[in-house]
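Dear colleague,

I am passing on to you the structure we spoke about, and would be glad if you could look through it. My notes on what was found follow below it.

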Amino acid sequence: MSDFLHDFARRFAGLDAGNLHRLGELYTSDVHFTDPLHEVIGLDALQDYFAALYANVEQLDFEFIGFDPVRDGEGYLRWVMSYRHPSLKRGRLISLEGCSLLRWNAEGKVERHRDFFDAGALLYEHVPLLGPAIRWLQRRLA
């Protein structure tokens with residue numbers, strides 16, 4: 001199980017805008033992908049989602065920091081995503097911790113991929129005008 005997680009993480013980290021055709025090596029044709037901002041079903045839709053993601057950022061990197069098997073065919077990856085977007089934080093690097101729940105089949109392809117992360121830390125806190133308001137609200141609620 002841990003071998004699958006390490007191999008998947010290595011291959012996933014190697015993805016970029018120029019090789020998204022390789023998603024088919026990692027995912028089933030009917031993959032179900034969810035994150036706090038999107039839900040995507042099917043490999044074609046996942047490729048479109050990733051293509052849009054890479055088209056809108058100047059840099060996108062994943063560092064995998066934890067590999068947690070749960071049972072046969074299921075486990076978690078913990079990661080740090082770092083990215084640059086020209087409209088967020090004046091184009092400076094933004095880093096975010098999160099984790100992914102993966103469920104894979106006997107052929108070694110992921111059928112279910114669910115990401116968990118703080119959407120505010122990913123996006124909203126870095127939007128001009130909105131970011132300061134969110135940070136103020138977070139301080140008030142703490």
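To begin with two aromatic residues, F4 and F8 both lie in helix α1, where they are four residues apart, or about one turn of the helix. Please bear in mind that this is a predicted model. F4 counts as buried, at 16% relative accessibility, and F8 is buried as well, with a relative accessible area of 3%. A further ring pair involves F12 and F62, whose centres are 5.3 Å apart and whose planes stand at 75°, so the pair is edge-to-face. Since F12 lies in helix α1 and F62 in strand β3 (residues 59-71), this pair ties together parts that are 50 residues apart in sequence. F12 is buried too, with a relative accessible area of 6%.

The helix itself, α1 (residues 2-13), has twelve residues and reaches 16 Å from its first C-alpha to its last, close to the 16 Å expected at 1.5 Å a residue. Its buried residues are F4, L5, F8, A9 and F12; they cover an arc of only 130° around the axis, which puts them on the same side of α1. The face turned away from that buried side carries the exposed residues D3 and R10.

As for the strands, β6 (residues 110-117) runs parallel to β1 (residues 27-35), to which four bridges join it, and F33 stands opposite H113 in β6. Strand β5 (residues 94-104) runs antiparallel to β6, with seven bridges between them, and G98 has F117 as its bridge partner in β6. In the hairpin of β5 and β6, which has five residues between the strands, G108 takes a positive phi near 80°.

With best regards

Note on methods:
Residues are numbered from 1 along each chain as its sequence is written. This is a predicted model: local features need pLDDT of at least 70, side-chain atom pairs count only at pLDDT 80 or more; totals for chains, interfaces and linings use all residues. Side-chain values use heavy atoms; hydrogens and water are left out. Two strands pair if DSSP finds at least two bridges between them. The expected span of a helix is 1.5 Å times one less than its number of residues. Buried means under 20% relative accessible area, exposed over 50%, partly exposed in between (1.4 Å probe, protein chains only). The arc is that of the directions from the helix axis to the C-beta atoms. Rings of Phe, Tyr and Trp (its six-membered ring) pair if their centres lie within 6.5 Å; planes under 30 degrees apart count as stacked, over 60 as edge-to-face and the rest as tilted.
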